[in-house]
Structures are given as C-alpha cells and as structure tokens.
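Subject: Structure for you to look at

Dear colleague,

I am handing over the structure below, and I would be glad if you kept it open while you read my notes on it.

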Amino acid sequence: MGNAVLLATVVSAREAKEGLDFLPLTLDYREKYAASGKYPGGFFKREARPSSEEILVMRLVDRVLRPLFPKDYHAETQVMIQLMSHDTEVIPDALAGLAASAAIALTDIPFEYPISEVRVARVDGEFIINPTYTQLENADIDMMVGASFESVMMVEGEMKEISETEMADAIKFAHEAIKIQCVAQENLVKQLGKKETRDYPKAAIDNDLEKKVNNFTYDKIYAIALAGSSKQERSQKFADVKEALKAEFSEEELDEKGKLVSEYFRKSEKNAIRDLTLNEGLRLDGRKTNEIRPIWCQVNYLPSPHGSAVFTRGETQALATVTLGTSRDANKLDSPTYEGEENFYLHYNFPPFCTGEARPLRGTSRREIGHGNLAQRALKGMIPEECPYTVRIVSEVLESNGSSSMATVCAGTLALMDAGVQLKKPVSGIAMGLISDDKSDKFAVLSDILGDEDHLGDMDFKVTGTVDGITACQMDIKVKGLSYDVLEKALTQAHEGRLHILGLLTDTIAKPNADVKAHAPKMVTKTIPNEFIGALIGPGGKVIQELQKATGCTIVINEDPITTEGIVEILGTNQAGIDDVLSKIDSLLFKPQVGSIYQVKVIKMLDFGAVVEYTDAPGNEVLLHISELAWERTNNVTDVVNMGDIFDVKYFGRDPKTRKEKVSRKAILPKPEGFVERPPRDNHRGSGRDNRGRDNRGGDRDRNPRQDRN
C-alpha cells in the first residue's frame with residue numbers, strides 16, 4: 001500500500017508431534033529498521049526481542065486466524081509477517097491480517113476461508129478505512145476490525161465516549177471494506193491455481209462412546225451447575241463426576257480411548273452449562289444473565305505509593321498503584337514506524353498464583369501486554385491535558401476468575417482519584433458473554449462473565465467507558481453470522497452493567513482528591529526564555545545539580561526551539577524546597593526597569609562603593625558607587641552604609657560608556673538645603689588644548705608628536 005511493503009510467509013509441518021491435542025500456532029510480526037532507513041538503538045545494532053507494539057499486532061492477527069484452522073489439525077505452524085518498506089502515510093498493522101491470510105490461502109494448509117483486518121476511524125463525522133497517521137490524530141474512533149466475508153470475528157480499539165449505536169455503525173462500515181479484500185484473495189488463488197488441501201490425521205470419532213459419556217455425565221453436570229457454587233467447589237464436583245465416569249471403563253479401554261473420553265466429557269460439560277443458561281436463565285454461580293457479582297473496593301490501600309486502590313468483583317481482584325513523575329519518566333517509544341513518548345502508561349501483571357498455579361515466570365507474557373494496553377486505552381482519554389505529571393499505573397492481579405483486565409480499569413480509576421490526578425470522568429469496565437443456539441433463535445447475553453463462561457460462550461467482549469460513552473473495547477466473536485441486532489443488544493446490556501459498576505466506584509470515592517498526598521511529589525512548572533536555560537544549568541550542570549541537592553527537588557528542563565521557551569519541571573515533596581527553586585528561577589529572570597525603585601541589601605563593602613543584592617531577586621547583584629550614596633561628599637562608604645543594611649535605590653539602566661548598570665541611593669533622597677551641584681566637566685578639559693585649539697600642555701610645540709607619545 002503506497003510505499004509500504006509487508007512480507008508474509010507461512011510454514012506448517014507435515015506431521016503433528018505425538019501427544020499434541022492443540023494447534024501449536026506461532027504468529028510473529030516484526031518491523032525492520034531498514035524499512036524506514038533507521039538503525040536499531042542500543043549497543044547491538046540488530047533487531048532483537050519484539051516491542052510491545054509488535055506483540056499487540058501479533059495478538060490482533062492471531063485472534064482472527066487461529067479459529068479457522070480445523071480443531072483436529074495439530075501440526076506445528078508458523079506465520080511470519082515482516083515490514084520490509086515503510087510509508088509514513090501508511091499504518092502497517094492494518095495490513096498484517098490481510099498479508100497473513102493471503103499467504104495461507106495460497107498453500108495446501110487446511111484453512112476455512114480467507115479473512116482480513118482493517119482500521120476504521122471517524123474524522124469530522126466521516127468513517128475512513130485505514131487512515132493516515134495525520135487523520136488518526138483527529139479521529140474520535142480508532143478501531144481494528146477482523147472479519148471474513150460472512151462474519152465479524154474480532155474488534156478492538158479506543159473511542160472518545162461514543163454510543164453503542166455509533167460503535168456498531170463503525171463495525172458495519174469496516175466489514176464492507178473487509179469483504180472486498182476477501183474477494184481479492186479468492187481472485188488471487190484462482191489466478192495461481194488452488195492447491196489440494198493436504199491430508200492430515202483426522203481426529204478419531206466414536207459416536208457410541210460419545211453417547212455413553214453424555215448419558216452418564218450430562219444430568220449430573222447440569223445439576224451441579226443449577227445448584228450454583230464457587231469456582232473451587234464446582235471444579236471439585238466436576239472432577240468427581242469425571243472420576244466416576246472413568247470408573248465405568250476398564251484400564252484397557254482407558255489406555256485405548258482415554259483421550260476421547262476426556263474430550264467427550266468436556267463436550268458434555270459445555271453443552272450442559274450452555275443449556276442451563278438458555279433454558280433456565282441461570283449461570284454456574286447461580287446468577288441471572290444480567291446480574292453482576294458482589295463488588296467491594298477501597299482506596300488508599302497501601303501507605304507508601306502515591307495512589308492505590310483494590311477492586312474486587314466476585315473471585316477477581318486487582319490491586320492498582322499510581323506513581324507520579326516528571327517528563328524524564330515518560331515511556332519512550334522508538335520503533336521503525338513511530339517515535340514519541342507516553343506521559344501516561346499502564347502495566348498489568350498476571351502472576352501464576354492468581355489462578356492457583358505454580359509455574360515459572362518467563363518475563364512479560366503477550367497476554368499481559370494485551371490486557372495492559374486495553375486498560376491503558378480505556379483510561380488515557382480521561383487524563384486531563386494540563387496534568388503536569390508523568391503517570392504510571394501498575395495493576396497486580398491477585399485473583400482471577402473472569403476479566404481481570406476490566407478489574408484493572410476499575411482499580412486504576414480509583415487509584416488515580418486517590419493519587420489526586422484530576423480525572424475528567426471516572427471509567428469502569430465490564431466483560432460480557434454470549435451463548436446462542438444455532439438450531440433455534442435462543443440466545444443469552446451474560447453480564448460480568450466467569451472464566452468458564454469465557455471458554456464455552458460464542459462471544460466475549462469487554463467494554464469500558466464513562467457515564468457518557470465508550471472509551472475502549474475488545475471483542476472476540478466465535479459464532480458465525482452474528483446479527484447486528486444481537487450485537488447491539490449485548491452492547492446495551494453492557495452499558496447498563498458499566499453504569500452499575502461506575503456507581504459503586506463513585507460511592508467509594510466521589511471525586512479525585514483535591515491534592516496529591518503529603519509524601520507524593522508536588523509538581524510545579526515554570527516557563528522561562530531559552531536564553532536563561534544555560535544560566536540555570538550552569539557550567540557542566542553545576543548550578544542545577546547544587547540546587548537539586550540543596551532543595552531536595554528534581555528539576556527537569558525541556559527546551560522548545562520553536563517557541564524559544566523552556567519548560568522547567570520542579571518535582572519535590574517539600575514545598576519550601578520548591579519555593580527555593582522558584583525563587584532561584586525568578587532571580588535569573590529578574591530584569592530591573594529603568595526609573596523603578598527597588599529594595600536592596602548590602603552584601604559586600606568596597607573602597608569605591610557597596611555591592612547590593614535585590615531583595616526580591618536573590619543572586620542579582622549591582623554596584624552602588626560611592627558617589628551615589630548621598631548628595632554630600634562621601635569619603636568612606638561606611639559613613640553611609642554597612643554590611644546587611646537594607647534600603648531603596650533607583651535603577652538607571654546601563655551607562656552607555658561603561659556598559660555597567662547604575663543604581664543610586666541619593667536619587668530618591670531629598671537634596672540638602674542649599675546644595676549646589678558641581679558643574680559638568682568641560683569637554684576639552686585635559687585634552688592638552690585651550691578653547692581656541694592651542695596646545696596648552698607646555699613644552700616645545702615643534703616637537704615630533706611621536707616623540708611626545710613616547
């Protein structure tokens with residue numbers, strides 16, 4: 001597209017590894033620095049681990065592609081997408097899904113049908129497909145949509161408080177563009193010739209065994225689900241049913257068909273739970289479809305962070321902390337396609353203990369990056385533009401059974417308000433689900449889904465927003481041909497749930513704290529002309545370093561060459577220290593006005609005058625000459641002033657001859673009675689010539705002038 005070129009490749013093993021019961025699909029997306037004529041940063045000038053932005057693209061494409069491989073296809077498969085040439089007016093992540101699908105379509109790998117992804121934005125009320133960077137800056141909708149010709153499959157994006165109807169309209173607009181791209185892929189395949197789909201070992205089918213498993217387990221599972229219970233309790237009960245099922249078979253039968261027994265048990269479990277919801281309107285924990293689990297939350301939960309809050313919804317709990325910093329703490333972004341920084345960012349941690357697991361930590365997972373990005377997009381539009389701080393939120397998931405990312409949004413809102421960040425509006429989030437019956441028109445929209453409901457449902461989507469509209473969303477649709485009527489109903493129910501949660505958040509803390517906490521740093525910004533920045537920094541940074549040490553403040557200076565002004569950020573917990581820094585800056589900026597009167601203090605005595613300092617601008621000194629102390633003749637400076645004396649002087653500006661500043665004490669004193677000023681010196685006095693131009697220096701006028709000078 002334009003000068004943007006993406007290379008997409010796909011490789012799939014001919015045979016599946018023994019024992020695999022899932023598709024080992026690896027989706028990789030990388031942006032090459034050479035694509036934009038740049039060098040990789042760091043010591044090693046080579047692309048290495050993927051950036052967070054690249055991982056987010058991988059997740060977007062993976063979520064659409066993965067469901068389209070056959071469930072019994074278990075051969076190791078790798079799809080690699082690489083940006084080889086960058087166009088500054090083309091955002092390449094919107095093309096990655098199309099590139100990957102086109103590559104797969106040309107192979108013999110089993111794949112259901114082509115898909116594509118597009119970005120849809122709305123600028124000045126008009127929808128745009130795959131906008132430029134410039135257009136995106138002015139958009140109130142930025143949304144990625146993935147779909148086949150028939151069905152929308154994935155939606156993710158951020159918005160500026162739009163309505164549910166506007167969101168549905170954007171999805172429809174994007175789907176029409178995707179249909180064109182799907183047809184283009186089909187035409188490409190026709191031109192090159194369709195390859196025969198490769199053979200691969202199909203999953204074993206045993207209808208009699210499936211019927212036996214279903215007859216033994218369905219009613220038992222249905223009854224457990226109908227009773228409603230906690231996650232741990234029902235998990236144990238389901239495990240007991242499975243053990244009872246296995247007891248119905250001999251060891252030889254389990255050795256031979258044990259995997260099928262487990263597979264059919266999971267299928268029976270899924271059908272029973274889905275039927276319970278469709279028939280009874282009830283769910284695994286006993287709730288109705290639109291009911292939200294009990295919520296409790298608390299702010300100022302931790303003593304030392306700048307802001308903190310805990311949010312608990314059912315068996316999901318998130319603990320959020322807020323840290324306030326200067327522009328030096330901004331998150332720097334440097335990729336082949338984008339350079340910039342974030343003054344607000346959110347990190348999400350999902351440790352193994354939150355789901356009762358013991359497993360090694362292998363760094364930040366793709367899931368953590370994706371969920372953190374969703375929560376960040378939900379909140380960032382509510383950070384006021386005039387917020388002077390760099391703001392970092394960290395969400396620690398302490399327990400998880402359904403939508404810890406939405407718990408992060410809620411905990412983040414509370415923590416920001418606790419920290420004194422003046423949010424425009426509080427934000428809440430809710431995870432929704434959908435269960436439908438393809439044999440009838442029955443469907444159920446589920447509010448605040450559990451982890452189990454996430455796996456067995458036909459759609460799960462997360463929506464965040466304020467009281468006035470949606471700020472972010474993430475949606476995965478697993479059912480084909482989902483009607484927009486059902487989608488809009490689901491979004492409306494999500495709106496009701498979101499407002500319910502929002503009310504509980506504002507009951508906990510109605511509005512942001514008026515100020516940051518006593519132990520949190522206070523931020524003051526000051527604008528100074530660029531010409532004074534050097535004086536504030538000092539030679540080798542001496543002045544600013546000593547000032548930071550003396551006041552205990554952090555001082556950051558950002559120079560703007562366009563406006564010729566610099567922004568000085570002063571961060572400190574001690575107001576007196578901040579005031580000292582401001583006083584130092586004021587003294588640097590101090591420019592006395594000619595004819596004005598200023599109070600000064602004597603800081604040094606000299607034979608020919610006194611050095612005085614402006615009391616309103618410490619550090620700004622000027623010489624008060626002995627002749628300007630008083631109207632009378634002054635023989636000694638100490639006859640008039642002494643060290644530490646404070647008095648007023650008048651400022652006369654710079655003397656045009658000496659270029660030195662002149663101040664006078666006597667100028668604001670009344671003249672003594674009978675005082676006569678000395679007449680000004682004759683212009684020719686001391687020139688060596690009389691008024692008629694004759695030489696009056698004596699000596700021989702016929703001398704050589706050069707000899708006189710000698």
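A hairpin of two residues joins strand β17 to strand β18, where strands, like helices, are DSSP runs numbered from the N terminus (E, at least two residues, for strands; H or I, at least four, for helices). Please keep in mind that this is a predicted model, in which local features need pLDDT of at least 70 and side-chain atom pairs count only at pLDDT 80 or more, while totals for chains, interfaces and linings use all residues. Residues are numbered from 1 along each chain as its sequence is written, and side-chain values use heavy atoms, with hydrogens and water left out.

β17 (residues 459-466) and β18 (residues 469-477) pair in the antiparallel sense over eight bridges, and two strands are said to pair if DSSP finds at least two bridges between them. Strand β15 (residues 428-436) also pairs with β17 in the antiparallel sense, over seven bridges. Gly-465 of β17 stands opposite Ser-428, and its bridge partner in β18 is Ile-470.

Eight of the eight residues of β17 are buried (under 20% relative accessible area with a 1.4 Å probe, protein chains only), so the strand is largely enclosed by the rest of the structure. In a regular strand the side chains alternate between the two faces of the sheet. In β17, Met-459, Phe-461, Val-463 and Gly-465 point one way, whereas Asp-460, Lys-462, Thr-464 and Thr-466 point the other way.

The largest nonpolar core, meaning a set of buried Ala, Val, Leu, Ile, Met, Phe, Trp, Tyr and Cys residues joined through side-chain atoms within 4.5 Å, has 107 residues. Helix α9 (residues 404-419) gives the most to this core, with ten residues. Leu-416 is one of the residues with the most contacts inside the core, and the residues it touches (heavy atoms within 4.5 Å) include Val-322, Phe-344 and Leu-423.

Elsewhere, the axes of helix α1 (residues 52-65) and helix α8 (residues 366-380), which are lines fitted to C-alpha atoms over the stretch in contact, come within 9 Å and cross at roughly 95°, on a scale from 0 to 180 degrees between N-to-C directions. The two helices α1 and α8 are therefore roughly perpendicular to each other, a term that covers angles of 65 to 115 degrees.

With best wishes

Note on methods
Buried < 20%, exposed > 50% of the residue type's maximum accessible area, 1.4 Å probe, protein only. Parallel < 35°, antiparallel > 145°, perpendicular 65-115°, else oblique. Lists of a residue's contacts leave out its neighbours within four places in sequence.
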